[in-house]
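Student: I want a close look at one residue and its surroundings. After that, please walk me through the helices and the cysteines.

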Amino acid sequence: MTTETSYQPIVHDDRYILEVNELKKYFPIKGGLFGKTSRYVRAVDGITFNVERGTTMGLVGESGCGKTTVGRTILRLTDKTSGQVLFNGQEVHDLSKDELRRKRTEMQLIFQDPYSSLSPRLPIGEIIGEAVREHNLVPKKELADYIAKVMNECGLPGYYRDRYPHEFSGGQRQRICIARALALNPQFVVCDEPVSALDVSIQAQIINLLVDLQKERKLTYLFISHDLSVVEHISDTIGVMYLGNLVEYGKKEDIFSNPLHPYTRALFSAISIPDPNYKMNRIVLEGSIPSPANPPSGCKFHTRCSKCMEKCKHEAPVQKMIEPGHYVVCHLYDEEKGVEDGAATV
C-alpha cells in the first residue's frame, strides 16, 4: 500500500485549532505461511475537515465506520497512512518523541468506557494527578490543592480522592475520566462516545458538565457519537461518516434542517420524537454495511441506497458545497446549479 502524498497540502489558518486534510488510516491484513500483507482495512479513507477554536464538532455514523480511528489518529495514538493532521499549524505526525510528549498536555482523550479506562489499583486522586506530576505542571507542594480544584470543577468532592474506581457509579467514573483529561489543562479534547455507556438521565448531566467546562476553559471538542440527539445538543458543526468517508459536513443548523445525503436522512429518520401524535417516517436501509477491507466500487453507499443510479456503482462522488459551509459527497447533486467543489472548511 503506497503512502505517497496524493493530496494538495493545506496552509494553516489560525481560526482553526485542528485541520485534517485527506487523512487515511489503513490496517494491514496478514495471512499465509509467511504472514505477508494480503490486503488492507480502510478504516479511514481520505477525510477532510477543520475545527474552529472554542467550538465542538460532532462526528456521527454507524458502529465500525471509523469514528474512533479518526480520533486516535488525530491524537497520534496510531500512525496515519497518509494525509495531514495540523494542530495549531503543526503536523502532529512529524513531531519528534520529545515534542509529542510536550504536545500531549494540549490534546487529551475522554474514553468511551469509564469502567475499563481507570486503573482499579489506584485511588482517583492518583489517577487524576499522575500525569500532572509527570509533566511537572504544578509544584509538588501545590499538587494536592490543584487536584482538589479540578475534582470540584467536575462535580467530585475532595474527600473522594482516596477512594478507588470500584466504589463509584458509571456517571461518577466518567466525571473522573473528564477530570483526568482536564487536569493537564488541554486546548483540544477528543470525546470518544463519553456517554454511550451511561443511563439517559446521567448522560444529560455529563453533557451539561462538558458544555459548562468548555465555556469556562475555552475548550475545543471533537465529539464522537452515534446518538444524534446528543450531538445536536452539544455540537456546532457535524460530520457524518460512512465506511471510512465523510459523506456530509456542515453547521449543525444546516445539517438538521436540510440533510442532503441519503445516509444522513436515514440516520435522522431513526431519531425518536417524544410526541405520541408524531408519525415517524423511518427510512430502513437494506442489507448490512460492507466490509472496509473490501469496499464496493464507486460510491460506497450505493449497495444500500434507495436512490442509487448507474454512475453510483462505478464512479466515486467528490465533495461538493451545496450551500455556504454545507458539503456533501453524493452524485445526486452533480447537476445542481451553483454547486461548488471544495473542502469542508466550516
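Where is V329 placed?

Tutor: V329 sits in strand β12, which covers residues 326–329. Strands here are DSSP runs of E with at least two residues, helices are runs of H or I with at least four, and both are numbered from the N terminus. This is a predicted model, so local features need pLDDT of at least 70 and side-chain atom pairs pLDDT 80 or more, while totals for chains, interfaces and linings use all residues. Residues are numbered from 1 along each chain as its sequence is written, and side-chain values use heavy atoms, without hydrogens or water.

V329 is buried, at a relative accessible area of 15%. Buried means under 20%, exposed means over 50%, and partly exposed is in between, with a 1.4 Å probe and protein chains only. What does V329 touch, leaving aside its neighbours within four places in sequence? The partners are L246, V247, H261, P317, V318 and Q319. Contact means heavy atoms within 4.5 Å. F301 makes a useful distance check. It is 28 residues from V329 along the chain, and their C-alpha atoms are 10 Å apart.

Now the helices. Start with α1, residues 67–74. Six of its eight residues are buried, so the rest of the structure largely encloses it. Those six are K67, T69, V70, G71, T73 and I74. Just after α1 comes R76, with a positive phi of about 60°. R76 is not a glycine. It lies in the loop that runs from α1 to β4 (82–87).

Next, α3, residues 124–134. Its buried residues are I124, G125, I127, I128, G129 and V132. Their cover includes α4 and α5. E126 belongs to α3 too. Is E126 buried or exposed? Neither label applies: at 26% relative accessibility, E126 is partly exposed. Between E126 and A144 there are 9.8 Å, C-alpha to C-alpha, for an offset of 18 residues in sequence. Just after α3, N136 has a positive phi of about 55°.

How does α3 meet α4 (residues 143–153)? Their axes come within 10 Å and cross at roughly 115°. An axis is a line fitted to C-alpha atoms, for helices over the stretch in contact, and angles run from 0 to 180 degrees between N-to-C directions. The crossing of α3 and α4 is right-handed. That label means the near helix is turned clockwise from the far one by less than a right angle; anticlockwise would be left-handed. On the α3 side, the contact uses I124, G125, I128, G129, V132 and R133. On the α4 side, it uses L143, Y146, I147, V150 and M151. By class, that makes eight nonpolar, two polar and one charged. Nonpolar covers Ala, Val, Leu, Ile, Met, Phe, Trp, Tyr, Cys and Pro; charged covers Asp, Glu, Lys and Arg; the others, Gly among them, are polar. An α-helix has 3.6 residues a turn, so residues three or four places apart point the same way.

The second pair is α5 (residues 170–182) and α6 (residues 200–217). Their axes come within 10 Å and cross at roughly 20°. The two helices are therefore roughly parallel. The cut-offs are under 35 degrees for roughly parallel, over 145 for roughly antiparallel, 65 to 115 for roughly perpendicular, and oblique for the rest. α5 passes α6 in a right-handed crossing. From α5, the contact takes G171, Q174, R175, I178 and L182. From α6, it takes I202, Q205, I206, L209, L210, L213 and R217. The classes here are seven nonpolar, three polar and two charged.

Follow the chain out of α5. N185 lies in the loop between α5 and β7 (188–192). N185 is exposed, with a relative accessible area of 51%. Its phi is positive, about 55°, although N185 is not a glycine.

Last, the cysteines. How many disulfides does a search of the whole structure find? Zero. A disulfide would be a pair of cysteine sulfur atoms within 2.5 Å. Take C191. Its closest cysteine sulfur is that of C177, 11 Å away, which is too far for a bond. C191 is buried, at a relative accessible area of 0%. C312 is in no disulfide either; the nearest cysteine sulfur, in C308, lies 4.8 Å away. C312 is also buried, at 9% relative accessibility.
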